[in-house]
Amino acid sequence: MIGFAAQALSRFGNVFTRSSGSVIGMVHVGALPGTPRYQLRMNEIIEIACREATMYFEAGVDGILVENMHDIPYLNRRVGPEVTAAMAAVCKSVRERVPTHIPCGVQILAGANQEALAVAKACDLQFIRAEGFIFAHVADEGMMSSDAGELLRYRRSINADDVLVFTDIKKKHSSHAITSDVSIADVAHAAEFFLSDGVIITGAATGHAAAPEELKQVKVSTSLPVLIGSGVTTENVTSFVDAQAMIVGSHFKKNGRWWEDVDNERLEMFINAVNKAHSQS
C-alpha cells in the first residue's frame, strides 16, 4: 500500500500548502432545525458561522472545518434531511466567504459520513472528517460499525473522488474495549489498507490532547497524512506540529470552551506559536 499512501500525501499537498503543521480552524455551527437546542433563524446561524470562518482565515489558518457541534444529543449515523440541507446552506455560505486558496471541509455528527460527502460535493468543499470508518466502537450515540466500504463506493457514485476523507481512529467520546487488542498503530495501518486519505488521532474528549507518543507510533505505522483532532493548544503545539495538520476548535474559543465565541487574542497567539515552531524546524 506504499503507492496509495504516497498518493494520499500528494493529494494532501495539492489541497494544503504546508506539508506539516497545517492549522484547520473548526467552525461550530449553531443548533440546527429539528434538534433539541435549535432556536436561531437559519440566516443567523449562517452569519455566525461565516463570521467565525472569516476570523480564522484573517488570522492565517490553513483550512476550515465546519461541524454541527451544537446538535446534541447526536443521532447515530443517520440525520434528517433538514440537518443535511441546513449544513449545505451553511457550508455554501462559508465556502463563498472564504478565499478559494483555503481548503474547507465538513463533518456531520454523528458519523453521518455519506451526508457529509454529499454536502462537500454540492458546496465545492475539499475534505470531510469521518468517524467510524474502520473497526467498530461504542460511542456516546451507541454502537457504531465501520462504513469504509459503503462510504467510498458512495463517493465514487457521486463523482466526488476529489473530496478527501480524513478518518478518526480510536476516536474521542468512545469506548474501544472491543478492539483493545488492536493498537492505534495497527488501526492506522488498517485505515491505509482501506483507502483512507489521512488518519486523525484525538484525546479522550473534545479539548483533550492526544498523546504525543501515539503520534509517533502512527507516523511509523503508516505513510498516510496524520492529523491531530483535539486538544492542541498554544502551550503544547510544538508536540504536534510534525503532524500534517492540527484541527483546532475549543482552544480558539473564550476560556477554551467550545460553546463560546472565538477569542481573537487566543487565535492570534496560537498562530504566532505555530509560525514560530515552523521557523525553528
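Which residues lie nearest the centre of the second largest pocket? The legends below take up this pocket and several other sites in a predicted model.

**Figure 1. The second largest pocket and its lining.**
Gly 30, Ala 31, Leu 40, Ile 48 and His 70 lie nearest the centre of this pocket. They belong to a lining of 15 residues. The space inside comes to about 260 Å³. Helix α2, residues 42-59, gives the largest share of the lining, with three residues. By class, the lining holds six nonpolar, four polar and five charged residues.

**Figure 2. The whole chain of the predicted model.**
The chain has eight helices and 11 strands. Its radius of gyration is 17 Å, close to the 19 Å that the globule rule gives for 281 residues, so the chain is as compact as a globular protein of that length. The C-alpha trace spans about 45 × 45 × 35 Å along its principal axes. Of the 281 residues, 55% count as buried. Contacts between residues at least 6 apart in sequence were also sorted by separation: 71% of them join residues at least 24 apart.

**Figure 3. The largest nonpolar core, centred here on Ile 64.**
This core has 76 residues. Ile 64, Val 106, Ile 169 and Met 246 touch the most other members. Helix α3, residues 81-97, supplies the largest share of the core, seven residues. Leaving aside residues up to four places away in sequence, Ile 64 touches Ile 24, Gly 25, Val 27, Ala 53, Tyr 56, Val 94, Val 98, Ile 102, Pro 103, Cys 104, Gly 105 and Phe 127. A second, separate core has 13 residues, including Val 15, Phe 16, Phe 127 and Leu 164. Phe 127 thus appears twice in this view: as a contact of Ile 64, and as a member of the second core.

**Figure 4. The largest cavity, with Phe 135 in its lining.**
How many cavities of 30 Å³ or more does the count give? The count comes to one. The space in the largest cavity is about 100 Å³. Its lining has 13 residues, and Ile 134, Phe 135, His 137, Lys 170 and His 176 lie nearest the centre. The lining divides into six nonpolar, four polar and three charged residues. Phe 135 sits in the loop between β4 (127-130) and β5 (137-139). Its phi is positive, about 60°, although Phe 135 is not a glycine. Most residues other than glycine have a negative phi. Is Phe 135 buried, partly exposed or exposed? Phe 135 is partly exposed because its relative accessible area, 32%, falls between the 20% and 50% limits.

**Figure 5. Arg 77 and the loop between β2 and α3.**
Arg 77 lies in this loop. Its phi is positive, about 80°, although Arg 77 is not a glycine. At 14% relative accessibility, Arg 77 counts as buried, because the limit is under 20%. Pro 73 lies in the loop between β2 (63-67) and α3 as well. The peptide bond from Ile 72 to Pro 73 is cis, with omega near -10°. Most peptide bonds are trans.

**Figure 6. Glu 115 in helix α4 and its contacts.**
Helix α4 covers residues 113-123 and holds Glu 115. Glu 115 touches Arg 77, Arg 78, Val 79, Thr 84 and Ile 108, with residues up to four places away in sequence not counted. Is Glu 115 buried or exposed? Glu 115 counts as buried, because 12% relative accessibility is under 20%. Its contact Arg 77 also counts as buried.

**Figure 7. The cis bond between Leu 109 and Ala 110.**
A cis peptide bond joins these two residues, and omega is about 0°. Ala 110 is placed in the loop between β3 (104-107) and α4.

**Figure 8. Gly 256 in the loop between β11 and α8.**
This loop runs between β11 (245-248) and α8 (264-280). Gly 256 touches Ser 250 and Arg 266, not counting residues up to four places away in sequence. The C-alpha atoms of Gly 256 and Thr 233 are separated by 9.3 Å, and the two residues are 23 residues apart along the chain. With 30% relative accessibility, Gly 256 counts as partly exposed.

Conventions. Residues numbered from 1 in each chain as written. Predicted model: local features only at pLDDT ≥ 70, side-chain atom pairs only at ≥ 80, totals over all residues. Heavy atoms only, no water. Core = buried A, V, L, I, M, F, W, Y, C linked by side-chain atoms within 4.5 Å. Buried < 20%, exposed > 50% of the residue type's maximum accessible area, 1.4 Å probe, protein only. Helix = DSSP H or I, 4+ residues; strand = E, 2+ residues; numbered from the N terminus. Contact = heavy atoms within 4.5 Å. 1 Å grid on protein atoms, 1.4 Å probe; cavity = no way out; pocket = protein on both sides within 12 Å on 5 of 7 lines; lining within 4 Å. Points joined across faces, edges and corners; volume = space filled by probe spheres on them. Nonpolar A, V, L, I, M, F, W, Y, C, P; charged D, E, K, R; others polar. Rg over C-alpha atoms; globule rule 2.2 N^0.38 Å.
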